[in-house]
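Visitor: I would like a close look at one part of this model, the aromatic residues that pack against one another, and then an account of how the rest of the chain is arranged around other parts of interest. Please take it slowly and keep the residues in view.

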Amino acid sequence: MTEACVGFTSVLRGAGLQCGPDRVQAFLRATEHVDLYWAGRLTLCADPDDLPRYDAAYRAYFGGAPPRPRTTVELDTVTVGVAASDVEVLKHKDVSEFNAAPLIARLTPLPPRRRSRRLRKARRGRMDLARTVRAMIETGGEIALPRHRRRGSKPRRLVLLIDVSGSMAAYSDALLRFAHVVARAMPTEVHTIGTRLTRVTRQLRERDPERAVKAAGRAIPDYEGGTRLGDALRRFNQRWRQRGAVVVLFSDGWERGDPALLATEMARLRRLSHKVIWANPHAGKPGYRPVQGGVVAALPHVDTMVAGHSVHAMEELLKEVRRA
């Protein structure tokens, strides 16, 4: 049975499905709980476009039409339970080792908030004398309950700076997909940094994630090149600085430029920002030590460093952003 299942995944790969080792293992575990067809459909199909190809491969490999579900319970409880377990495992896995696009698309970012200057109606707060007097006039001079107002809140701008140099190549696609989800949910500026600074905010506003990521890739001239974080940050601080924004820098900290320049520009960025968060794909791994030249230069000017290697780390990052 196991041999047949593995052979089936080979056929699916030939049909264009992303059947990496993690998905194959999840498929084999799922076959212990549900029919083979539904186990594969659940764990090996990452996109709706995969379903017709999956059915065609199933018919060609096993013969006959795909089976119908036996019972509602089978699909609604056992299958969902297996799916939840597998998803949780994948959330903690390094995104450089599998296609994390479906999980990243499920993220639900909430923007950080800041107090606005405008006063709004409220149950508590300072007394709104004008509204209180109008209420008394409307009731013929009768004593009315006091009206109140207080300062409201509005979304605080977020800035994502994504290192797309060669040392970050394994994470670039996942990080651009993360930036696309965030940029669609809140006021966000997105720039990539390598040997230069490139703004990709407009490209990532495209609704379709595949087209958005491809458009961003075409706009980045230094994809998988060198790393000059200091130069890129200097350009950002000169032209695109966002006062009071929450800034998230995605980078492993390898710097080929002058660390002193990086330290100077990070200090300048910190003075202009509400909060600076460094998301490092290596920070969540056992034994990691921040000894890279860029990290050493920048850390004194960073509010917090977080992991950035998994979907779970991205979820924790969004919580940190929200708390800001």
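Guide: Let us begin with two tyrosines, Y37 and Y54, both of which are buried. The model is a predicted one, and that should be kept in mind throughout. The ring centres of Y37 and Y54 lie 5.5 Å apart and their planes meet at 50 degrees, so this pair is classed as tilted. It joins distant parts of the chain, since Y37 belongs to helix α3 (residues 36-44) and Y54 to helix α4, with the two positions 17 residues apart in the numbering.

Y37 also pairs with Y58, and here the arrangement is edge-to-face, with 5.1 Å from centre to centre and 80 degrees between the planes. This pair, too, links distant parts of the chain, with Y37 in helix α3 and Y58 in helix α4, 21 residues apart. Y37 has a relative accessible area of 3% and is therefore buried, the cut-off being under 20%. Y58, at 11% relative accessibility, counts as buried as well.

These tyrosines belong to a wider group, for ring pairs link F8, F27, Y37, W38, Y54, Y58, Y61 and F62 into a cluster. W38 lies in helix α3, and at 15% relative accessibility W38 counts as buried. The C-alpha atoms of W38 and F27, which are 11 residues apart along the chain, are separated by 9.5 Å. Across the whole structure, a search finds 11 aromatic pairs.

Helix α4, which carries Y54 and Y58, leads on to the largest pocket, whose volume is about 360 Å³. Of the 17 residues that line this pocket, the closest to its centre are A46, D47, N99, A101 and E210. The elements that contribute two or more residues to the lining are α4 (50-62), α6 (101-105), α8 (169-183) and α9 (209-219). The largest share, three residues, comes from α6. Sorted by class, the lining consists of seven nonpolar, three polar and seven charged residues.

Among the helices that contribute to this lining, α8 can be followed further. Helix α8 has 15 residues and reaches 21 Å from its first C-alpha to its last, close to the 21 Å expected at 1.5 Å a residue. Of those 15 residues, 12 are buried, so α8 is largely enclosed by the rest of the structure. The buried residues of α8 are Y171, S172, A174, L175, L176, R177, F178, A179, H180, V181, V182 and A183. What covers them includes the helices α6, α9 and α13 (311-323), together with the strands β4 (158-163), β5 (188-193) and β7 (246-250).

Strand β7, one of the elements that cover α8, holds V247, which is buried with a relative accessible area of 1%. Leaving out residues up to four places away in sequence, V247 touches V159, L161, L269, S273, K275, V276 and I277. The C-alpha atoms of V247 and R157 are separated by 8.7 Å, although the two residues are 90 residues apart along the chain.

After β7 comes a loop that runs to α11 (259-272), and G253 has its place there. G253 is buried, with a relative accessible area of 0%. Apart from neighbours within four places in sequence, G253 is in contact with W278, Q292, G293, G294 and V295. G253 and V296, 43 residues apart in sequence, are 8.3 Å apart in space from C-alpha to C-alpha. Another loop, between α9 and α10 (229-239), contains E224, a residue that has a positive phi of about 60 degrees although it is not a glycine.

To place these parts in the whole, the secondary structure of the protein chain comes to 13 helices and nine strands. Of its 324 residues, 46% count as buried. Among the contacts in the chain with a separation of 6 or more, 74% are between residues 24 or more positions apart.

Notes:
Residues numbered from 1 in each chain as written. Predicted model: local features only at pLDDT ≥ 70, side-chain atom pairs only at ≥ 80, totals over all residues. Heavy atoms only, no water. 1 Å grid on protein atoms, 1.4 Å probe; cavity = no way out; pocket = protein on both sides within 12 Å on 5 of 7 lines; lining within 4 Å. Points joined across faces, edges and corners; volume = space filled by probe spheres on them. Helix = DSSP H or I, 4+ residues; strand = E, 2+ residues; numbered from the N terminus. Nonpolar A, V, L, I, M, F, W, Y, C, P; charged D, E, K, R; others polar. Expected span 1.5 Å × (residues − 1). Buried < 20%, exposed > 50% of the residue type's maximum accessible area, 1.4 Å probe, protein only. Contact = heavy atoms within 4.5 Å. Phe/Tyr/Trp six-rings, centres within 6.5 Å; stacked < 30°, edge-to-face > 60°.
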